[in-house]
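User: I'm new to this one and keep tripping over the labels. Can you walk me through them?

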Amino acid sequence: MTGTITQVLPEKSGTSARGPWRKQEYVLELPGDFPKQVCFMVWGDRIDQFGIREGQELTVSFDLESREYNGRWYTDVKAWRIAPVGGAGEPGDDRVRDEPPPFDDEPPF
């Protein structure tokens with residue numbers, strides 16, 4: 001999906017059985033007569049690697065994952081490829097990853 005970053009939400013972090021983790025969520029506004037917004041997340045070192053800022057126009061590739069926890073369903077939108085719009089790119093555009101990240105068993109809180 002291609003759109004403009006309208007919000008950079010605060011980074012979250014914690015510790016699980018696998019060790020420390022961190023994630024950051026962003027809101028991507030999709031163009032159109034009735035613009036839609038998609039909140040997606042980036043995990044771990046990719047937060048720094050992608051360096052996403054408000055106002056950037058980006059193409060984001062992501063995986064949708066849903067899981068049940070205590071009778072409720074949670075859906076994650078996890079980005080695995082992020083590229084600036086326009087092709088030529090910016091310095092450091094070797095940020096592209098060829099395959100999606102593995103499934104993460106952490107609860108959404």
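Analyst: Sure, starting with the salt bridge: a side-chain nitrogen of Lys or Arg within 4 Å of a carboxyl oxygen of Asp or Glu. This is a predicted model, where local features need pLDDT of at least 70, side-chain atom pairs count only at pLDDT 80 or more, and totals for chains, interfaces and linings use all residues. Residues are numbered from 1 along each chain as its sequence is written, and side-chain values use heavy atoms, leaving out hydrogens and water.

User: What makes Glu11, Arg22 and Asp48 a network?

Analyst: Salt bridges link the three of them. For Arg22 and Asp48, the N to O distance is 3.2 Å, and the cut-off is within 4 Å, so the name fits. Arg22 sits in strand β3 and Asp48 in helix α1 (residues 46–50), so parts 26 residues apart in sequence get tied together. Helices (H or I, at least four residues) and strands (E, at least two) are DSSP runs, numbered from the N terminus.

User: Why is Asp48 called exposed?

Analyst: Its relative accessible area is 54%. Exposed means over 50%, buried under 20%, and partly exposed in between (1.4 Å probe, protein chains only), so Asp48 counts as exposed.

User: And how do you know which label Lys12 and Glu25 get?

Analyst: Lys12 has 44% relative accessibility, so it's partly exposed. Glu25 has 18%, so it's buried. These two also form a salt bridge, with their closest N and O atoms 3.8 Å apart.

User: How many salt bridges are there by this rule?

Analyst: Five.
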